[in-house]
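Here are a few short exercises to work through with the model open in your viewer. Try each one yourself before reading the solution.

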Amino acid sequence: MTLDLFSADEDALPSHEVICPGAVLLRRFALPHEANILQALHSILASAPLRHMHTPGGFRMSVAMSSCGTLGWVTDPHGYRYTRINPENNQPWPAMPAGFLQLAHAAALAAGFTDFVPDACLINRYEPDARMSLHQDKNERDFSQPIVSVSLGLPAVFQFGGMQRSDAAVRIPLGHGDIVVWGGPSRLRFHGVLPLKAGQHPLLGAQRINLTFRKAG
Ligand code: MD3
Ligand code: FE
């Protein structure tokens, strides 16, 4: 039997693309894990529900957020930070499921980052029109550690900028199951997500979920 690399099934195979030094796009990498991820997510969100936080400047975020792992990310009038306790319910954040750790570790390895052991997983839920404006992720201690992001559900357009907010940004469409690993010289680049377009995803309905795995502490 011959291996036909250009068959109609090409779109179903995983791919490995270097976007910029340190930034690696692994299309469809999470697909074999979608059922496990969604099952684990359901129980995490039952004990730490998604909610719309407010920025230190007082703006309500259009993205609803939660976390799992020993550290969770919060924003309120005092600033942006990681906490061990969820301020919504005064409980520790739900544990990071073993399958999440394994997936994040495997994706980081596929992108060339060994020994990635995240202690925080941020869960972002986008409904139609939700967006994330250009920002840098700077609340983590060790910028030599990458961030692994997993996209699920409706597709979104990701904006990947430079080291300065005013630097031009490239637009990268991200779909269900796509993983991006952001490390090395890409770790502190500005990035954001354009307003989500309405639609229906067969598994997730009218939403996009993004998981970002970080070593925060
Ligand atoms: C590029 N989330 O939670 S993940 C965030 O799709 C966040 O919900 C977006 O940005 C989302 O902070 C994008 C992709 C991402 C995450 C961290 C990065 C891209 C990054 C850090 C440096 C450069
Ligand atoms: Fe970010």
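**Exercise 1.** Which pocket is the space taken by ligand 1?

Solution. The space that ligand 1 takes is the largest pocket. Here a pocket is an open set of points on a 1 Å grid over the protein atoms alone, where a 1.4 Å probe fits, with protein on both sides within 12 Å along at least five of seven lines. A molecule sits in one if more than half of its atoms lie within 2 Å of its grid points.

A word on bookkeeping: this is a predicted model, where local features need pLDDT of at least 70, side-chain atom pairs count only at pLDDT 80 or more, and totals for chains, interfaces and linings use all residues. Residues are numbered from 1 along each chain as written, chains are lettered from A and ligands numbered from 1 in the order written, and side-chain values use heavy atoms, with hydrogens and water left out.

**Exercise 2.** Find the polar side-chain contacts to ligand 1 (N or O pairs within 3.5 Å).

Solution. Start with Arg208, which has a polar side-chain atom 2.9 Å from a ligand 1 oxygen. Next, the Arg214 side chain puts an N or O atom 3.0 Å from an oxygen of ligand 1. Then add Asp137, at 3.1 Å from a ligand oxygen.

**Exercise 3.** Which strand gives the most residues to the shell around ligand 1?

Solution. Strand S15 (a DSSP E run of at least two residues, numbered from the N terminus) gives the most, with four residues.

Note on methods. A polar contact is a pair of N or O atoms within 3.5 Å; within protein, one must be able to donate a hydrogen and the other to accept it, and residues adjacent in sequence count only if both atoms are side-chain atoms. On a 1 Å grid over the protein atoms alone, a cavity is a set of points where a 1.4 Å probe fits but cannot get out, and a pocket is an open set with protein on both sides within 12 Å along at least five of seven lines; lining residues have an atom within 4 Å of a point.
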